[in-house]
Amino acid sequence: MIRVVLVHPGEFVLPELGEQLGRYASRKLAKRGVEIRSNAKIKAVTSAEVELTDGTRIKSFTLVWTAGAAPHPLLEKLPLPKERQRLKVNAAMGVEGYPGVWALGDCAMIPDKHGGYQPPTAQHASREGKVLAHNIIANTRGKDLIPFQFNTLGLLASIGRRTGVARILGINFSGFVAWWLWRTIEVSLGFHRRSIGRSRILSRLVNWAELIPSRQRRKDPSESKASSPDTRVPRCFDDPGADAAATER
Ligand SMILES: Cc1cc2nc3c(=O)[nH]c(=O)nc-3n(C[C@H](O)[C@H](O)[C@H](O)COP(=O)(O)OP(=O)(O)OC[C@H]3O[C@@H](n4cnc5c(N)ncnc54)[C@H](O)[C@@H]3O)c2cc1C
């Protein structure tokens, strides 16, 4: 029997998706046997134990770290204005007071029109790149710069067993519909990212529809116990057969 403990610093998981979907996801995971330790962070890890900020010690030989990445250490050394360890830029992605210095993506804090900052995601970074390329050229030609403006298209997460949560263009989805949307987007991105053969296209479509169990599932004896907690190890998010990994688009 595997014990799965999910440590989260907030009240509920997936806060990016809002309270309603976050609490839904927390409830679903708890129902499947995942112990959620909310309002706590990991303070220390040894080879046999994880210590939380609230003083709890959990015996564990396996830790899966999903708490995100820190800004690149090189940024610390740059004598430029910063906010939350990232370079502070204006909406056109220029560093104020430093003509010719620009920043975008995960190293930059780019203001949005709501008084906050653009989130550090690929869907933003790739679009910022296009606007910044335009601005650099415009700058050299003495033309007006354009501010970066983009609203997140959607955030989707699979929480396993054909259940998901999603916010697309401001509308919330949960349960099977959200999982199906997540799955469909994952598979379509898989087609887009690589050129793959016909047999793999067919296998991906079959996997997508879950018409037949995947090889991995056939090998997993716990799948036959409907009442047991969902203790499957989350697979790679890029794998179209994956069923329990979070994604953001
Ligand atoms: C595990 C994980 C999952 C994610 N999933 C999603 C997702 O599903 N959807 C989404 O939208 N976003 C996702 N993100 C966020 C997304 O990857 C980043 O926001 C995005 O890649 C930022 O783009 P970037 O160009 O700023 O930085 P990066 O994509 O990190 O590119 C920086 C590049 O700089 C290179 N580099 C580093 N140091 C140096 C140096 N000294 N000299 C030269 N080059 C250097 C690096 O090798 C790298 O190629 C995820 C991030 C992580 C860590």
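**A tour from the core to the sheets**

Select Leu14: leaving aside residues up to four places away in sequence, Leu14 touches Leu21, Gly22, Ala25, Ala157 and Val165. Contact here means that the C-beta atoms of two residues, placed from the backbone, lie within 7 Å.

This is a predicted model: local features need pLDDT of at least 70, side-chain atom pairs count only at pLDDT 80 or more, and totals for chains, interfaces and linings use all residues. Residues are numbered from 1 along each chain as its sequence is written.

**The cores**

Stay with Leu14 and add Ala25, Ala157, Val165, Ala166 and Ala178. These have the most contacts inside the largest nonpolar core, which has 18 residues. Such a core is a set of buried Ala, Val, Leu, Ile, Met, Phe, Trp, Tyr and Cys residues joined through C-beta atoms within 7 Å. A residue is buried if 20 or more other C-beta atoms lie within 10 Å of its own, exposed if 12 or fewer, and partly exposed in between, with C-beta atoms placed from the backbone.

Now colour α1 (19-31), β9 (154-158), β10 (164-168) and α4 (176-193): each supplies at least two residues of this core. Helices (H or I, at least four residues) and strands (E, at least two) are DSSP runs, numbered from the N terminus. The most comes from α1, with 4 residues.

Next, pick Ala103, Leu104, Ala108 and Val131. They are among the 10 residues of a second, separate core.

**Sheet β3-β4-β5**

Show the open sheet of 3 strands in the order β3-β4-β5, with antiparallel pairing. Two strands pair if DSSP finds at least two bridges between them. At the edges are β3 and β5, each pairing on one side only. Neighbouring strands here are turned by 25° against each other on average, direction ignored; axes are lines fitted to C-alpha atoms, and angles run from 0 to 180 degrees between N-to-C directions.

Zoom in on β3 (residues 42-45) and β4 (residues 49-52), paired over 3 bridges. A hairpin of 3 residues joins them. Val45 has Val50 as its bridge partner, and Ala44 stands opposite Glu51.

Move on to β5 (residues 57-59), joined to β4 by 3 bridges. Glu51 is bridged to Arg57. In this hairpin, with 4 residues between the strands, find Gly55: its phi is positive, near 95°.

**Sheet β6-β7-β8**

Finish at the open sheet of 3 strands ordered β6-β7-β8, where the pairing is mixed. Each of β6 (82-83) and β8 (108-109) has a single partner strand, so one side of each is left without a neighbour in the sheet. Antiparallel to β6 runs β7 (residues 86-88), joined to β6 by 2 bridges. Select Glu83 last: Arg86 in β7 stands opposite.
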